[in-house]
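Hello,

Here is the structure I promised to pass on. My notes follow below it.

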Amino acid sequence: MSTKIETKGIHEGWVPKNGEPRQVPVYQSTTFKYDSSDDMGKLFDLEAEGYFYTRLQNPTNDFVANKICAMEGGVAAMLTSSGQAANFFAMFNICEAGDHFIASSSIYGGTYNLFGVSMKKMGIDCTFVDQNISEEELDKLFRPNTKAVFGETITNPSVMVLDIEKFARVAHKHGVPLIIDNTFATPAKCRPFEWGADIVTHSTTKYMDGQAVSVGGCIVDSGNFDWMAHAEKFPGLTTPDESYHGITYAEKFGKGAYITKATAQLMRDLGAIQSPQNAFYLNLGLETLAVRMDRHCENALKVAQYLKAQDKVAWVHYPDLEDDEYNALAKKYLPNGSCGVLAFAVKGGRAKAIEFMDSLQLASIVTHVADCKTCLLHPASHTHRQLTDEQLEESGVAPDLIRLSVGLENADDIIADIQQALNRI
Ligand SMILES: *Cc1c(COP(=O)(O)O)cnc(C)c1O
């Protein structure tokens with residue numbers, strides 16, 4: 001039907017038939033009625049397609065997941081209750097106790113803890129790497145039990161751009177998929193599948209929602225990874241699931257295997273489903289995602305250029321700045337702009353950073369990032385407080401780093417606010 005990203009964001013997913021509602025209907029129902037016991041039995045056996053209980057699947061959620069799937073260029077997708085749940089499910093769907101995976105150390109603090117602490121307790125080991133690692137060095141970190149590689153298109157909060165092709169090449173050489181968290185770039189600015197990623201995750205809480213109304217997540221499968229070709233590594237997909245009547249997902253569902261398993265097993269057992277009402281809000285955000293991202297990028301570039309010229313500013317990182325360390329990667333993977341988030345520091349370190357932030361009037365200090373209201377936070381005193389200085393450094397988060405999420409207000413107003421705050425310090 002549609003081809004360009006703006007059009008997909010508006011028309012994919014829910015496609016009303018004659019006389020049906022123009023906007024996505026909210027199926028606010030936990031359960032679904034069937035005429036016979038046999039009809040319902042077939043659903044439980046995964047023999048027929050249909051809805052029976054919202055913990056597993058809900059039509060509203062599926063319409064919205066299908067829209068994100070189309071925007072990313074994937075074959076199957078599912079919504080989760082949060083970005084945390086999306087990243088956990090994406091990894092846990094193919095890793096179990098005794099397994100190992102590799103992740104960039106510059107990823108979001110919450111994911112860093114999930115991988116380094118909680119999943120470690122489950123017996124799953126993660127090796128964190130500097131994402132600027134050479135292909136040769138990365139190659140050496142693979143073990144016989146390595147099952148996946150993970151990174152973020154644009155890292156939160158250090159706004160580094162990942163060399164997706166490099167990571168995909170090495171992952172595929174070792175017969176494992178590359179999982180990319182595409183939260184900051186969104187499919188409006190980068191579609192990791194076009195660069196070799198196999199699975200994409202999102203915290204839909206951020207730009208996709210866009211107005212800070214609902215927490216959510218999404219997992220999209222490209223359908224490109226051949227599980228059967230590496231059957232011995234992925235027994236969960238390539239051998240019978242005794243908890244599901246001996247179904248072998250990769251045989252029965254082909255390209256839909258990964259998402260079907262995540263739904264049938266992980267949602268069934270762990271239950272981190274998104275509410276249909278939140279999926280409805282998410283869909284409203286998706287309708288304007290592409291046009292909002294253009295403005296976020298335009299505003300962020302203006303703010304970055306302004307900050308760069310200020311004496312009181314120690315440094316600025318924004319991949320779209322010509323002299324940024326990640327500009328070459330941004331030009332390749334994000335040719336039409338990266339995102340609205342930038343990182344910078346004021347001279348005088350931690351104390352001055354706090355003084356500056358407290359002087360702002362328009363921009364607000366919130367934990368959130370990536371929505372229409374300009375906001376900022378100081379990771380070392382907020383989101384990353386639980387990390388040691390060593391871990392902070394490993395995550396690419398300098399103690400003086402301020403994460404500024406440039407919103408959709410007029411850029412002149414955002415800059416004027418920053419200017420008056422800089423004048424006060
Ligand atoms: C916020 C965020 C997450 C976690 O998402 P929640 O929706 O807050 O659970 C994961 N990855 C990235 C890149 C994020 O920014």
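Which residues are closest to the ligand? They are Gly83, Asp181, Ser203, Thr205 and Lys206, out of 16 that surround the ligand (a residue counts if one of its heavy atoms lies within 4 Å).

Before the rest, two notes on the source. This is a predicted model, in which local features need pLDDT of at least 70 and side-chain atom pairs count only at pLDDT 80 or more, while totals for chains, interfaces and linings use all residues. Residues are numbered from 1 along each chain as its sequence is written, and side-chain values use heavy atoms, with hydrogens and water left out.

Back to the ligand: a nitrogen atom of the ligand is 2.7 Å from an N or O atom in the side chain of Asp181. Polar side-chain atoms of Lys206 and Asn156 lie 2.7 Å and 2.9 Å, respectively, from an oxygen atom of the ligand. Taken alone, the ligand exposes 380 Å², and the protein buries 93% of that (Shrake-Rupley areas, 1.4 Å probe).

Gly83 also belongs to helix H4 (residues 83-92; helices are DSSP runs of H or I, at least four residues, and strands are runs of E, at least two, numbered from the N terminus). In H4, 8 of the 10 residues are buried (under 20% relative accessible area, 1.4 Å probe, protein chains only), so the helix is largely enclosed by the rest of the structure.

Elsewhere, 5 strands form an open, mixed sheet in the order S8-S9-S12-S11-S10 (strands pair if DSSP finds at least two bridges between them). Strands S8 (313-317) and S10 (364-365) stand at the edges, each with a single partner strand, so one side of each has no neighbour in the sheet.

Best wishes

Methods: Buried means under 20% relative accessible area, exposed over 50%, partly exposed in between (1.4 Å probe, protein chains only). A polar contact is a pair of N or O atoms within 3.5 Å; within protein, one must be able to donate a hydrogen and the other to accept it, and residues adjacent in sequence count only if both atoms are side-chain atoms.
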